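Colleague: I should like to understand the reasoning behind the terms used for this model. Please set each value against its definition.

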Amino acid sequence: MKTGNIGVTTENIFPIIKKFLYSDHEIFLRELVSNAVDATQKLKTYALKGDFKGELGELFVNVALDKEAGTITISDRGIGMTAEEIDRYINQIAFSGANDFLEKYKNDANAIIGHFGLGFYSAFMVAKSVDIITRSYKEDAQAVKWSCDGSPSFTLEECDKADRGTDIVLHIDDDCKEFLEESRLSSLLTKYCRFLPISIAFGKKKEWKDGKQVETDELNIINDTNPLWTRTPSELTDEDYKKFYRDLYPMSDEPLFWIHLNVDYPFNLTGVLYFPKIKSNIDLQKNRIQLYCNQVYVTDSVEGIVPDFLTLLHGVIDSPDIPLNVSRSYLQSDSNVKKISSYITKKVADRLSSIFKDNRKEYEEKWNDLKLFINYGMLTEESFYDKAKQFALFTDTEGKHFTYEEYQTLIKDNQTDKEGNLIYLYATDRDEQYTYIEAAQEKGYNVLNFDGQLDTAMLNLFEQKMEKSRFSRVDADIIDNLIVKEDKQRVELPAEEREMLTTAFKSQMPEVKKTEFMVDAQALGATAAPILITQSEYMRRMKEMAAIQAGMSFYGEMPDMYTLILNTDHPLIQSVLTAEKEQTADSLKPIHEETTALQAREEALEASHKGMKDEEIPSAEKDELSELHTKIDAQRTKREAIYADFAKDNKVLHQLIDLALLGNGMLKGEALSKFIKRSVDLIK
């Protein structure tokens with residue numbers, strides 16, 4: 001028997017491996033099973049090249065659990081090791097046998113997983129001691145047993161082993177007993193080893209007999225050695241792709257369509273990416289692409305390989321050219337990663353473009369599911385916008401679809417304002433904004449439906465990308481102000497009557513938390529609505545962006561700003577004004593007289609001060625002017641109180657305000673109840 005110390009530069013190598021090299025303790029099973037697969041693949045390569053003349057027999061890796069003994073054993077019938085090879089490859093950390101093998105068989109070595117020689121040591125993450133019982137494939141080789149308790153000390157002795165290959169026996173540590181549960185081990189094998197190229201057996205298959213599960217004589221093979229992405233697309237059917245998707249994501253809806261990746265230059269990459277049905281909750285859909293390295297599962301966090309928006313896809317990517325660190329758990333950035341990212345983006349864009357061109361009807365039917373994905377890509381990836389603008393769609397409020405170019409042609413003649421800007425009208429809720437949509441359609445305008453999760457962000461992107469174009473929500477202003485065709489001469493109310501109307505209505509507007517109302521009076525024509533509410537496009541858009549974009553919380557805290565527009569041409573508004581003039585005339589007369597006198601004196605003083613410097617104006621006149629301002633403000637306050645007193649009892653005024661609020665979904669609670677009662681009274 002031989003004893004010695006493992007060739008390391010520090011006695012703390014095992015704590016370092018345990019803490020830093022591997023991202024999770026469960027990785028040990030992947031590494032050890034992968035090593036067993038490597039050893040088996042090597043033997044197949046030797047046989048193919050004539051370097052092994054013996055019988056291959058049945059080649060598989062067996063994982064055995066002995067809960068009572070507290071052991072997990074990984075066995076293979078691969079090349080095995082001699083005592084010399086154990087000393088070289090196990091006792092000298094990081095001097096990998098794979099390196100020698102790759103050099104000799106570099107043209108046939110694509111299936112070899114391990115390149116670092118550290119995978120074996122992941123065993124000490126969960127085991128208090130490890131035995132290696134191995135016999136080389138070489139003729140007349142002596143079997144040997146290597147044992148180590150996690151310190152640099154080891155023993156190596158001859159032993160009996162009838163067959164070639166290697167058994168790795170893990171004596172599980174007390175703090176890792178979870179790995180001695182059959183269900184835990186089974187789930188890890190499914191996660192990490194379900195697509196390895198050599199069959200992996202875990203116990204025997206079970207069947208129900210006499211009301212309980214019993215073992216059969218058949219091996220329980222847990223993996224598919226020839227997964228779908230390794231096969232030629234021409235031999236696969238749509239049902240094959242759908243079945244593979246169901247196997248990967250059992251609870252998901254059927255995918256929209258898929259892309260089969262297969263490239264061998266300038267890097268090696270295979271895989272299948274699926275377009276799932278995506279409608280909302282972007283973050284919940286991420287981490288669904290599984291990364292493999294020669295059919296060994298690595299991770300489902302692939303942000304370093306594909307652009308952020310493509311992480312919304314599902315499926316598998318397999319590449320030996322994606323650089324990993326020694327634990328195969330963390331991606332390392334290099335030029336290959338960037339090339340792979342660009343390739344996948346291009347393939348996705350090409351696939352979408354192909355579907356759009358070949359079967360536009362089917363594409364339009366799936367647009368609602370595709371929209372979020374494509375918009376997210378256009379917002380986050382500059383190069384994708386340039387490709388996607390050819391197959392991204394606008395949808396109008398009637399449900400019709402248009403490419404960006406088609407829609408521009410549709411509205412160009414009728415929705416260009418006097419400055420030459422193309423105005424895109426849109427609605428975010430067809431039902432709530434129906435009145436405004438109808439007003440636009442009566443003018444012959446088309447209105448887009450922008451009810452998507454990312455549509456607010458897309459508006460800003462469109463205005464950056466599309467020259468002389470502006471997007472306005474259909475309720476941002478009266479329709480004639482949204483698309484101004486020419487300067488129109490309107491008959492406006494005298495300033496005094498305008499003040500009477502706006503002050504009366506303003507005084508009766510409800511108090512709504514974090515909401516401010518302004519009131520304006522405009523001549524909109526006798527057939528237009530008597531009253532409507534608009535919301536500033538700029539402020540509303542800023543608040544919506546604040547909800548989805550960091551760093552804009554300032555806008556989110558600002559109140560919602562609405563404008564109540566009174567149509568001074570409408571008979572109902574005119575009737576309110578007439579009633580107000582009649583009922584307030586007597587009360588306003590002395591106020592008007594007093595105000596007129598005060599303003600006359602104010603104008604006289606200001607005229608006498610014209611051309612004088614501030615220090616040249618007598619103090620008494622400054623004081624008098626200040627007092628005049630105060631008195632004029634006091635008269636204005638009295639006047640506003642009279643307007644408000646009239647307004648509080650005017651049923652038509654209140655009915656008009658409530659109708660406007662109701663049309664915007666803003667009439668609730670007590671105010672809604674009062675509106676209903678008042679409506680009944682008016683009908684009587």
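Modeller: Two residues are in contact when heavy atoms lie within 4.5 Å. The model is a predicted one. Among contacts in the protein chain between residues at least 6 apart in sequence, 70% join residues at least 24 apart. The chain has 21 helices and 22 strands, and buried residues make up 49% of its 684 residues.

Colleague: What makes a residue count as buried, and why is helix α13 called largely enclosed?

Modeller: A residue is buried if its relative accessible area is under 20%. Eight of the 11 residues of α13 meet that condition, so the helix is largely enclosed by the rest of the structure. The buried residues of α13 are Asp455, Thr456, Ala457, Met458, Leu459, Asn460, Leu461 and Phe462.

Colleague: Why is helix α9 called oblique to α13?

Modeller: The axes of α9 (residues 367-380) and α13 (residues 455-465) come within 10 Å and cross at roughly 45 degrees. Angles under 35 degrees count as roughly parallel and those of 65 to 115 as roughly perpendicular. The crossing angle fits neither class, and therefore α9 is oblique to α13. The crossing in which α9 passes α13 is left-handed.

Colleague: Which residues make this contact, and how many are nonpolar?

Modeller: On the α9 side they are Lys371, Asn375, Met378 and Leu379, and on the α13 side Asp455, Ala457, Met458 and Leu461. By class, five are nonpolar, one is polar and two are charged. Asp455, Ala457, Met458 and Leu461 of α13 are also among its buried residues.

Colleague: What makes strand β5 largely enclosed?

Modeller: The cut-off for burial is again under 20% relative accessible area. Four of the five residues of β5 (residues 144-148) are buried, so the strand is largely enclosed by the rest of the structure.

Colleague: How do you know that β5 is paired with β4 and with β6?

Modeller: Pairing requires at least two bridges between two strands. Five bridges join β4 (residues 127-135) to β5, and five join β5 to β6 (residues 153-158); both pairs therefore satisfy the definition. β4 and β5 run antiparallel, as do β5 and β6. Asp131 stands opposite Ser147 in β5, while the bridge partner of Trp146 in β6 is Leu156.

Colleague: Which residue takes a positive phi in the hairpin of β5 and β6?

Modeller: Gly150 does, with a phi near 95 degrees, in a hairpin that has four residues between the strands.

Notes:
Residues numbered from 1 in each chain as written. Predicted model: local features only at pLDDT ≥ 70, side-chain atom pairs only at ≥ 80, totals over all residues. Heavy atoms only, no water. Buried < 20%, exposed > 50% of the residue type's maximum accessible area, 1.4 Å probe, protein only. Helix = DSSP H or I, 4+ residues; strand = E, 2+ residues; numbered from the N terminus. Axes fitted to C-alpha atoms, helices over the stretch in contact; angles between N-to-C directions. Parallel < 35°, antiparallel > 145°, perpendicular 65-115°, else oblique. Left-handed = near helix turned anticlockwise from the far one by under 90°. Nonpolar A, V, L, I, M, F, W, Y, C, P; charged D, E, K, R; others polar.
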